[in-house]
Amino acid sequence: MDHIALDEQARAILRGNDRGGYTVPTAGLYPYQWNWDSAFAAWGFSTFDVDRAWTEIETLLSGQWEDGMVPHILFHQDDPGYFPGPGVWGTGRTPATSGISQPPVAATLARRIYEADPETGRDRLRAVFPKLLAWHRWWRAHRCPTGVAAITHPWESGRDNCPDWDPGMKNVDGSNVGDYTRRDTGHVDPSMRPGKEDYDRYLAILQFGRECGWDQEVIVRDGPFLMADPAMTFILLRAHRDLAALARELGESDAELMGWAADLEAALPTIWNEDLSCYDARDLRTGEFAGVLGSGAFLAWYARVENPEMERRLIAVWNRVRFGIPSSDPAAPSFAPRRYWRGPTWPVVNSLIAMGFSGMGREAEAERLRRETVALIEAGGFYEYFDPMDGTACGGRDFSWTAAIWLAWASPSAGRD
Ligand code: DGY
C-alpha cells in the first residue's frame with residue numbers, strides 16, 4: 001500500500017477510535033482514555049484537525065485530581081470488556097479514574113501541536129497551561145523521592161512488564177489478591193501479554209493503593225513497589241523544558257520548571273549503572289539495578305543526555321535486531337520478542353527516540369529508525385507493537401498511537417524537524 005493510502009487509513013483509525021472528545025487506544029482491549037495514548041492521539045489529530053487535537057488534551061486534563069495528578073486511565077463510561085475497571089480501582093472520582101499516572105508526554109506534544117499552528121493554539125494552550133504545570137508539580141512532589149522520577153506501579157511506566165521492573169516485582173506478594181478474571185487475554189493472543197504472576201502482583205500493588213485511599217505519601221513511603229525509571233526521568237526532564245518553553249511563549253515565568261529540570265539532571269548519576277555503562281532502572285527499596293538494557297535507556301537523547309560509552313552500548317543493542325529499537329536487549333535471558341514490553345519494538349517509542357536523535361543532530365540514526373518503523377507498518381498495518389526480529393505484527397490492531405505517529409512522524413508526508 002502506498003503512503004497516501006496509509007495516511008488515509010491512519011486518519012480513519014483515529015476517527016474510528018474517537019469516542020467523542022477522547023480517543024480509545026484500540027477497540028476491545030483498551031476501551032477507555034489512557035493518558036499517554038491520548039497525548040499521542042492529539043499529535044496525530046493535529047496533522048489534520050487541530051481543534052480536535054486540543055480537545056483530546058482538554059478531555060485528558062478534565063480527569064486531573066486536586067493534587068495535580070493526571071491519572072493513567074479515565075473511565076468515561078463503564079465497559080465490562082476491560083479489567084481492572086473503575087470499581088476495582090475504587091478512587092471514588094467523577095469521572096472515574098485509576099489511581100496512578102503515566103508518562104507525561106503531553107507538554108512535549110502540546111508544544112509540537114502549538115508550534116505547528118500557534119494562531120489556533122494560543123487560547124487553548126493558555127487554558128491548559130496551568131493544568132500541565134500542576135501535573136508537573138505533582139511529579140516533583142510525589143514521584144521524585146530520590147531526585148530522579150520513580151514509579152509506584154509498573155503500569156505507571158506505560159511499559160508494563162519490561163524486565164526493568166523484575167527486581168521490584170519479585171518482592172511484591174501477589175498470593176492474596178483473590179479470584180479475578182482477566183479480559184485482555186480474550187482480546188489478543190495470551191502469549192503476547194504479561195503472565196498471571198505479573199497480574200497477581202499488579203493487583204496486589206493496586207489493592208495497597210485502594211486500601212490507603214490513594215494517599216500518595218503512604219504509597220511512596222510504604223507501598224509494595226517503588227522503582228526509579230530512566231524512561232520516566234528522561235520524559236519528565238524533556239517535558240519540564242518543553243513546558244518552560246511554552247511558559248515563555250505565554251509570557252509566564254519558566255523559573256520553577258527550569259529548576260525542576262536542573263534537579264532531575266543533577267540526580268541522573270544515581271541511575272547510572274557502571275556495569276551496564278547505561279542509565280538503568282533501580283529498585284528504590286533495595287538499591288538493586290535491573291541490569292538489562294532497553295528502550296528506556298535509549299530515551300537519553302530525547303532529554304539531551306549523551307556520552308560515548310552509553311552510545312556504543314545502545315547502538316550495539318539496536319544492531320542485534322532488524323526492525324526498530326527493541327524494548328529490551330535481545331542478548332538478555334529475559335528477552336521475549338513478542339511478549340508485550342519484554343522485547344518487541346513499539347512504533348510510538350521509536351517516534352520519541354527519533355525525536356531525541358533529531359534534536360541532537362543525529363539525522364542518520366533518526367532516519368534509520370523512521371525507515372525501520374515504516375517497513376513494519378507498511379507490511380503489518382497499524383498494530384500496537386512488532387517483533388523486532390521478523391517484523392510480525394503483535395497485540396491490538398488499528399491502534400491509535402501507531403496511527404498517530406505514522407501521521408505526525410513516520411509517513412513520508414509527515415512534517416518532521
Ligand atoms: C493494561 O491493562 O494492560 C494496561 O497497560 C494498564 O494500563
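In the predicted model, helix 10 (residues 196–211) makes the greatest contribution to the lining of the second largest cavity, to which it gives 4 residues. This second largest cavity has a volume of about 60 Å³, and of the 13 residues that line it, Thr152, Ile205, Gly209, Trp214 and Ile219 are the closest to its centre. By class, its lining comprises 9 nonpolar and 4 polar residues, with no charged residue.

A search of the whole structure returned 5 cavities of 30 Å³ or more, and the largest of these has a volume of about 180 Å³. The lining of the largest cavity is made up of 18 residues, among which Tyr30, Trp34, Gln102, Asp160 and Tyr340 lie nearest the centre; divided by class, this lining holds 11 nonpolar, 3 polar and 4 charged residues. Because domain 1 (1–31 + 320–417) and domain 2 (33–142) both give residues to that lining, the largest cavity lies between the two domains.

Ala281 was also examined, a residue situated in the loop between strand 7 (278–279) and strand 8 (282–283). With a relative accessibility of 0%, Ala281 falls under the 20% limit and therefore counts as buried. When its neighbours within four places in sequence are left aside, Ala281 is in contact with Asp164, Trp165, Met227, Ala228, Pro230, Glu288, Phe289 and Ala290. The C-alpha atom of Ala281 is separated by 7.8 Å from that of Gly291, a residue 10 places away along the chain.

Conventions:
Residues are numbered from 1 along each chain as its sequence is written. This is a predicted model: local features need pLDDT of at least 70, side-chain atom pairs count only at pLDDT 80 or more; totals for chains, interfaces and linings use all residues. Side-chain values use heavy atoms; hydrogens and water are left out. Helices (H or I, at least four residues) and strands (E, at least two) are DSSP runs, numbered from the N terminus. Buried means under 20% relative accessible area, exposed over 50%, partly exposed in between (1.4 Å probe, protein chains only). Contact means heavy atoms within 4.5 Å. On a 1 Å grid over the protein atoms alone, a cavity is a set of points where a 1.4 Å probe fits but cannot get out, and a pocket is an open set with protein on both sides within 12 Å along at least five of seven lines; lining residues have an atom within 4 Å of a point. Grid points are joined across faces, edges and corners, and a volume is the space filled by probe spheres set on the points. Ala, Val, Leu, Ile, Met, Phe, Trp, Tyr, Cys and Pro count as nonpolar, Asp, Glu, Lys and Arg as charged, and the others, Gly among them, as polar. Domain bounds come from an automatic or database domain assignment.
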